[in-house]
Amino acid sequence: MSARRAYPMRDPAADGVPADLCPIATALNPMQPGDWRSLRPVVDRDKCVKCAVCWLYCPVQCVVERPAWFDIDLATCKGCGICATECPHRAITMIEEVAG
Ligand code: SF4
Ligand code: SF4
């Protein structure tokens with residue numbers, strides 16, 4: 001049985017990297033999913049029965065309840081299409097975003 005190999009912790013300061021430097025970005029990115037999404041869900045209001053399955057499955061919680069149907073907050077929707085796949089009434093269709 002081999003002993004577990006220990007890996008030394010890297011010391012960023014020794015590499016000249018400031019301790020407060022974020023490895024991903026140095027400033028907050030103001031973009032929202034609606035700025036880069038390639039597909040968007042469209043709800044057919046005549047087919048929607050307000051069962052809330054889309055609300056349950058949406059990973060980013062951007063499904064919102066309207067008086068007679070469930071709608072999508074397109075600013076935060078990332079266009080994954082899970083809601084369209086899971087809707088038992090086929091009330092959601094994914095369509096391509098139009099550039100511009
Ligand atoms: S899953 Fe489909 S039918 Fe149910 S609330 Fe959502 S859009 Fe409407
Ligand atoms: S496409 Fe994805 S992110 Fe957008 S409403 Fe449907 S499940 Fe949510």
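Start by selecting R37, which counts as buried at 7% relative accessibility, because the cut-off for that class is under 20% relative accessible area. The model in the viewer is a predicted one, and every stop on this tour should be read with that in mind. R37 sits in the loop between helix 1 (33-36) and strand 1. Show its surroundings next: apart from neighbours within four places in sequence, R37 is in contact with L74, C77, K78, G79 and E97. Now zoom in on L74, whose backbone oxygen lies 2.6 Å from a polar atom of the R37 side chain.

Before moving on, zoom out and colour the chain by secondary structure. Three helices and four strands make up the secondary structure of the protein, and along the sequence they follow the pattern α-β-α-β-β-α-β. Of the contacts in the protein with a separation of 6 or more, 62% are accounted for by residues 24 or more positions apart. Buried residues make up 20% of the 100 residues, and with the surface displayed, the protein exposes about 8,000 Å², of which carbon and sulfur atoms supply 56%.

Return to the backbone and select K50, found in the loop between strand 1 (39-43) and helix 2. What is the phi of K50? The angle is near 60 degrees, a positive value in a residue other than glycine. K50 counts as partly exposed, with 28% relative accessibility.

Continue along the chain, past helix 2, to Q61, whose place is in the loop between helix 2 and strand 2 (63-65). Q61 likewise is not a glycine and has a positive phi, of about 55 degrees. Is Q61 buried or exposed? At 61% relative accessibility, Q61 counts as exposed, because the threshold for that class is over 50%.

For the last stop, select W55, L56, Y57 and I82 together and show them on the surface, where they form a nonpolar patch with about 420 Å² of accessible area together. Which helix gives the most to this patch? Helix 2 (residues 53-57) does, with three residues, whereas I82 is found in helix 3 (residues 82-86). Select I82 alone to finish: this residue is partly exposed, with a relative accessible area of 33%, and that value is high enough for a place in the patch because patches are made of residues with over 30% relative accessible area.

Technical notes: Residues numbered from 1 in each chain as written. Chains lettered and ligands numbered in written order. Predicted model: local features only at pLDDT ≥ 70, side-chain atom pairs only at ≥ 80, totals over all residues. Heavy atoms only, no water. Patch = residues over 30% accessible without salt bridge, like charges linked within 9 Å, V, L, I, M, F, W, Y side chains within 5 Å. Areas by Shrake-Rupley, 256 points an atom, 1.4 Å probe, with all protein chains shown as cover. Salt bridge = Lys/Arg side-chain N within 4 Å of Asp/Glu carboxyl O. Helix = DSSP H or I, 4+ residues; strand = E, 2+ residues; numbered from the N terminus. Buried < 20%, exposed > 50% of the residue type's maximum accessible area, 1.4 Å probe, protein only. Contact = heavy atoms within 4.5 Å. Polar contact = N/O pair within 3.5 Å; in protein donor to acceptor, adjacent residues only side chain to side chain.
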